[in-house]
2 protein chains.
Amino acid sequence: MAVSVASVTDICRAARAASRRLATLPTADKDAALHRIADALLARTPEILEANARDLEAGRENGLSAALLDRLLLDPERIAAIAAQVRDIAALPDPVGEVLDGFRLPNGLDVAKTRTPLGVVAVVYEARPNVTIDAAALCLKSGNAIVLRGSSSAAHSNAVLASIAAAEAPEGAIGLVAGGGREELADLATQDELVDLIIPRGGEGLKKALTAVATVPMIFAASGNCHVYVDADADLDVARDIILNAKTQRPGVCNAAETLLVHRDVAGAFLPGALAALRDAGVELRGDAHVRALDRAVIPATDEDWDTEYLALVLAVGVVDSVEDAIDHVNRHGSGHSEAIVTGAYAAARAFELGVDAACVYVNASTRFTDGGEFGFGAEIGNSTQKLHARGPIGLRELCSFKYVVRGDGHVRA
Amino acid sequence: MAVSVASVTDICRAARAASRRLATLPTADKDAALHRIADALLARTPEILEANARDLEAGRENGLSAALLDRLLLDPERIAAIAAQVRDIAALPDPVGEVLDGFRLPNGLDVAKTRTPLGVVAVVYEARPNVTIDAAALCLKSGNAIVLRGSSSAAHSNAVLASIAAAEAPEGAIGLVAGGGREELADLATQDELVDLIIPRGGEGLKKALTAVATVPMIFAASGNCHVYVDADADLDVARDIILNAKTQRPGVCNAAETLLVHRDVAGAFLPGALAALRDAGVELRGDAHVRALDRAVIPATDEDWDTEYLALVLAVGVVDSVEDAIDHVNRHGSGHSEAIVTGAYAAARAFELGVDAACVYVNASTRFTDGGEFGFGAEIGNSTQKLHARGPIGLRELCSFKYVVRGDGHVRA
């Protein structure tokens, strides 16, 4: 049961057929398959490393940056971590069959809203080859067939990884689209008869390209233009720790902060020290006039800066007049991902919680906690910034639909 | 605050602005607005009737069928019923703010998954003018702004109804797209920066047209090709009552049955009587060879019949070898709406419940119960046959998203 080189439609059709069997596969069978996948990843590590070496070589030839090459790199330790993650997913509770709601109608009908797999999930992702296994394991555990479409730069690694996983799963349950071009992408995104959901993990370019052509429902595991707002009543030491953490702890991820907003009443007390600490941590600062009046080394921010997800050690800094102004700024410029307020004032915390329109709204905590693992979901396939179906971490439950099971005794409608 | 004749983008932009205010509007304010709308519908009945008379006159001139003219017709009784429905919606619990899930993380962060409005909902619908008020009332109650796009045949009625509702709601909260053409539809369906969800209520033609162009996420309140399967162990009297109810009680709606499947072991005992009863109720019957061997008056069914939503007194009838065959038939030909088994056998009931992939799966009950009112949701904007976000009745809760509110004490990620 290796991954075959088949057309996108063939792969999706096989996935659709497999999804019928997966929907009622007992938890124990799914977990056993996951452990076999973990075993096979360890046993076949040399084969994975060999394929990965070919991708790395091609990457170096194509001039990939050191950061991208590092994202692409697999070594025995990383492979062991991927296998361990598969076992962690096996250990999670099965979401399928959970009764989400249930009630007896006045006429005696019993209604049970019961969680079911979605069916066939397509995942489109970029360089990191570990996503191949993470996404396949999450879909298998949640009773879904998966169609993977990785980037061409990781083609050899992904092919071996998908083939290892597919060999231990029901036939057709794990498919990999071979070509990495825009044509295959459009082909996949229009299989609305066969695919129930497509999850693109990538930047705004991928999002735009897919939005234009897709007929399959999409959930974007997309960019995060996240803010930290330091209120007039903030504990300024806490505020400095939070912005440093949100900006610098891992700047290349979607839940890192990109903009710092500060209430004007504490701008003078807070900014000089905080900006110095950020600069010491290697952060390039771009600020509005008010910020630059306090620190002339800050680069002037352009309109574009407020809308930019840097994914790097760059931070836009602005001063606002009130919590309401901060909320307005966040709702206008944010991408609805993760937004934080630092405050000691109950009213400001409450206004921010209620007023900010985002997947995750933090009070006195770093935006960096938006993560399926941190939230206790065990693992995630990405973070959704759209409002339908899944918002925030996309874990096992978010990969499911539901059905109403209605049990009667010959009931007919009057 | 009348409904202005503005561009689609202007209407959507006003709705987006209104949605910010609606999101935190107290329940009491929303309910008061709903009661004012109900009052105004009654007070302004003559004005509504006058506009409706113009639509009816145009409809007669354009040769609309008697059935379509009846769907278009408003009279004082129907207007009173629409007003009463608005008060019923006011009486429902507010879905906004409900905590769907909440937990404390090991690091002490408190996470509350809290229901929020979606934002801006667009509803595209056909002749029935009551939908204008039903949909507006459901969106107002759930804290959403709405952009309505009715059919041109109800243009005058819809304009007055929307204007009455808009006058009692926050500015911009209820908008009506004036033109009924495909161009306005495409314009509306591509406002992904301003509109969070579009709900098309209509047939396959509308679905295809929108799927091709839409960039706004869609939930189709679409067709239902529903089945009743009579198992070998069915109580045949119960089975006859259920298929008669599912087919004839209201044949023009999406939860009416379109196909009857019968296990071969009871075909001889069940079909002659059941088909006679259906025929007496005015149902045209189209059957497979097995059925026609029992009743020569049955018209031969074509391949197309198994995929057709008649929405009329026509029924396809087939004989199957087993419950597994019935499940396969339903999954192949059904539209994932409402599917029923009639059986006395536990194993068959369980196989059907687990194996059928549909919004609502019934055991020993008519498919006609799939309805927001019947399910106790109070009202609905339609029934979804897709698997993302909302499946089955789209009520107040299905018009909502959620956000994670995370409260900490200066938490940073290690």
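# A tour of the two-chain model

Begin at one end of a sheet in chain A: strand 9 (residues 284-287) and strand 10 run parallel and are joined by 2 bridges. Within this pair, select A:Arg286, which stands opposite A:Ile299 in strand 10 of chain A. Bear in mind throughout that this is a predicted model.

**The sheet across both chains**

Now extend the selection to the full sheet. It is open, has 10 strands with mixed pairing, and follows the order 10(A)-9(A)-11(A)-8(A)-7(A)-12(A)-13(A)-16(B)-2(B)-1(B). Which strands stand at its edges? They are strand 10 (299-300) of chain A and strand 1 (99-104) of chain B; each has a single partner strand, so one side of each is left without a neighbour in the sheet.

Move inward to strand 8 (residues 257-263) of chain A. Here 7 of the 7 residues are buried, so the strand is largely enclosed by the rest of the structure. Strand 7 (residues 226-230) of chain A runs parallel to strand 8 of chain A, with 5 bridges between them. To see one of these pairings, select A:Val230 and its bridge partner in strand 8 of chain A, A:Val262.

**The contact between the chains**

Next, show the residues where the chains meet. Chain A gives 55 residues to the contact and chain B gives 55. On the chain A side, the elements that supply two or more residues are helix 10 (236-248), helix 14 (346-355), strand 13 (360-365) and strand 16 (400-411). Strand 16 of chain A has the largest share of that side, with 11 residues. Coloured by class, the chain A side that touches chain B shows 25 nonpolar, 18 polar and 12 charged residues.

Stay on strand 16 of chain A and add strand 13 (residues 360-365) of chain B. These two strands pair in the parallel sense over 5 bridges. A residue pair to pick out is A:Val405 and B:Val361, its bridge partner in strand 13 of chain B.

**The axis**

Superpose chain A on chain B. The operation is a rotation of 180° with 0.0 Å of shift along its axis, and the RMSD is 0.1 Å. That is the relation of a two-fold axis. To locate the axis, select A:His389, the residue of chain A that comes closest to it, at 1.9 Å (C-alpha). Both copies use the same surface, since 100% of the contact residues of chain A recur in chain B.

**Two domains in chain A**

Colour chain A by its domain assignment: domain 1 takes 8-221 + 381-406, and domain 2 takes 226-369. The C-alpha centres of domain 1 and domain 2 of chain A lie 34 Å apart. How many residues does each domain give to the contact? Domain 1 of chain A gives 5 residues and domain 2 of chain A gives 7. On the side of domain 1 of chain A that touches domain 2 of chain A, there are no nonpolar, 4 polar and 1 charged residues.

**Strand 11 of chain B**

Switch to chain B and select strand 11 (residues 314-320). Of its 7 residues, 6 are buried, so this strand is largely enclosed by the rest of the structure. Strand 8 (residues 257-263) of chain B runs parallel to strand 11 of chain B and is joined to it by 5 bridges. Strand 9 (residues 284-287) of chain B also runs parallel to strand 11 of chain B, with 4 bridges. Centre the view on B:Ala316 in strand 11 of chain B: B:Thr259 stands opposite B:Ala316, and B:Ala316 is also the bridge partner of B:Arg286.

**Helix 8 of chain B**

Go to helix 8 (residues 182-189) of chain B and show its buried residues, B:Leu185, B:Leu188 and B:Ala189. They cover an arc of only 95° around the axis, which puts them on the same side of helix 8 of chain B. To see what covers these buried residues, add elements of chain B including helix 1 (8-22), strand 3 (120-124), strand 4 (145-149), strand 6 (197-200) and helix 9 (204-213).

**Last stop: B:Leu69**

Finish in helix 4 (residues 66-72) of chain B, where B:Leu69 lies. Is B:Leu69 buried or partly exposed? B:Leu69 has 15 other C-beta atoms within 10 Å and is partly exposed. Leaving out residues up to four places away in sequence, B:Leu69 touches B:Leu56, B:Gly59, B:Arg60 and B:Leu64. For a distance to draw, take the C-alpha atoms of B:Leu69 and B:Gly175: they are separated by 25 Å, with the residues 106 apart along the chain.

Methods: Residues numbered from 1 in each chain as written. Chains lettered and ligands numbered in written order. Predicted model: local features only at pLDDT ≥ 70, side-chain atom pairs only at ≥ 80, totals over all residues. Contact = placed C-beta atoms within 7 Å. Nonpolar A, V, L, I, M, F, W, Y, C, P; charged D, E, K, R; others polar. Pairing = 2+ DSSP bridges. Buried ≥ 20, exposed ≤ 12 C-beta atoms within 10 Å, placed from the backbone. Arc of directions from axis to C-beta. Least-squares fit on C-alpha atoms with pLDDT ≥ 70 in both. Domains from an automatic or database assignment.
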